[in-house]
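Morning, everyone. I have one model to walk you through today. Please look at the screen.

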Amino acid sequence: MWKKRKQQLQDFRRYLNKDNKVKKQEVPDGLYQACPSCNSTIRTLDLKNHLQVCPQCGHHLFIDAYARLDALFDHGKYKEYYTSMKSGNPLGFPGYEEKLEKYEYKTGLHDGVVVAGGRIDHMRTIVVVMDHRFMMASMGSVAGEKITRAIEMATRKKLPLIIFTSSGGARMQEGIFSLMQMGKTCAALKRHLDAGLLYISYLTHPTTGGVTASFAMLGDINIAEPEALVGFAGPRVIESTMKTKLPAGFQRAEFLEDHGFVDMIVEREKMRDTLALLLRMHA
């Protein structure tokens with residue numbers, strides 16, 4: 001009898017434990033992200049709603065070209081141009097074609113430059129956005145050609161031009177064909193400026209190399225996002241070459257603003273309102 005009673009108690013305890021046991025819940029991938037600046041855990045949806053800006057510390061994370069365009073143009077409506085242009089391999093660089101295919105598959109882009117036209121606060125504008133998901137938006141023949149065509153279209157249609165820069169510089173796999181894009185884009189900008197038309201350069205993290213040495217710093221107005229790295233050679237290269245210690249914050253947007261290379265620093269959530277105001281002032 002006691003054995004039976006003991007067995008019943010054990011069965012009852014097992015039943016209670018089974019019902020009260022907390023089942024482990026799996027958290028879906030991509031639901032949260034960690035801010036690289038303050039290490040806060042943030043819902044991915046919250047980051048999206050804040051244009052990829054950390055709501056805790058204000059750190060600006062990467063935002064892709066299409067998300068930026070959606071936030072910039074009226075009602076997120078715009079027309080994209082030159083979507084079929086793809087890079088070739090003019091120098092026969094080993095493995096280059098395979099790398100291009102890999103990045104096309106990974107990003108859905110043919111190159112790291114997106115050209116669009118639409119209205120910002122009802123004002124027609126041509127916008128170029130560099131997206132460094134594709135080979136760090138390095139400037140090869142296609143990138144340079146798309147930017148040049150965008151500039152020439154803005155000039156022909158007598159429209160203001162905005163270029164959001166973000167690049168690792170010239171694309172080494174295309175050699176001299178890549179470096180030629182620096183002169184080509186600058187020549188097109190000279191014609192745009194001679195026509196009395198507005199060009200706003202919007203520097204985002206990171207803007208380096210041949211892009212900085214060409215069209216990125218030629219704006220009538222140069223704007224930068226907070227803490228964006230902007231420079232030609234990297235800080236470590238400069239320190240090792242010059243044998244000197246660089247000042248704190250060197251090549252960051254705030255340092256450049258203090259030294260007159262940047263006209264203003266604008267937080268991403270104020271991007272559209274600021275650009276709309278500048279376009280209105282120069283209309």
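I will take the sheet, then one helix, then the largest pocket.

One caution before I start: this is a predicted model.

Let's begin with the sheet. It is open and has 7 strands. The order is β3-β4-β5-β6-β7-β8-β9, and the pairing is mixed. Which strands sit at the edges? They are β3, residues 78-81, and β9, residues 264-265. Each of them pairs on one side only.

Now move in from the β3 edge. β3 and β4 run antiparallel, joined by 4 bridges. Look for E80: its bridge partner in β4 is A116. Next comes β4 against β5, again antiparallel, with 8 bridges. Here V114 has V129 in β5 as its bridge partner. These two strands, β4 and β5, make a hairpin with 2 residues between them. One to check in that turn is D121, which has a positive phi of about 55 degrees.

How much of β4 is buried? The strand covers residues 113-120, and 7 of its 8 residues are buried.

Further along the sheet, the sense of pairing is parallel for β7 and β8. That is residues 199-207 with residues 221-224, over 4 bridges. L203 stands opposite A224 in β8.

On to the helix, α4, residues 96-107. Is its length what we should expect, or not? At 1.5 Å a residue, its 12 residues should span 16 Å, and the end C-alpha atoms are 16 Å apart, so the two agree.

Which residues of α4 are buried? Y96, L100, Y103, E104 and T107. Seen down the axis of α4, the buried residues fall within an arc of 105 degrees, so they line one face of the helix. The background is simple: an α-helix has 3.6 residues a turn, so residues three or four places apart point the same way. Turned away from that buried side of α4 are the exposed residues E101, Y105 and K106. After the helix comes G108, with a positive phi near 80 degrees.

Last, the largest pocket. Its volume is about 340 Å³. The lining has 23 residues. Which of them lie nearest the centre? H60, L61, H205, E225 and R268. By type, the lining divides into 10 nonpolar, 7 polar and 6 charged residues.

The pocket also takes us back to the sheet. β5, β6 and β7 each supply at least two lining residues, and so does the helix α3, residues 65-72.

That's the tour. Thank you.

Definitions and conventions
Residues numbered from 1 in each chain as written. Predicted model: local features only at pLDDT ≥ 70, side-chain atom pairs only at ≥ 80, totals over all residues. Heavy atoms only, no water. Pairing = 2+ DSSP bridges. Expected span 1.5 Å × (residues − 1). Buried < 20%, exposed > 50% of the residue type's maximum accessible area, 1.4 Å probe, protein only. Arc of directions from axis to C-beta. 1 Å grid on protein atoms, 1.4 Å probe; cavity = no way out; pocket = protein on both sides within 12 Å on 5 of 7 lines; lining within 4 Å. Points joined across faces, edges and corners; volume = space filled by probe spheres on them. Nonpolar A, V, L, I, M, F, W, Y, C, P; charged D, E, K, R; others polar.
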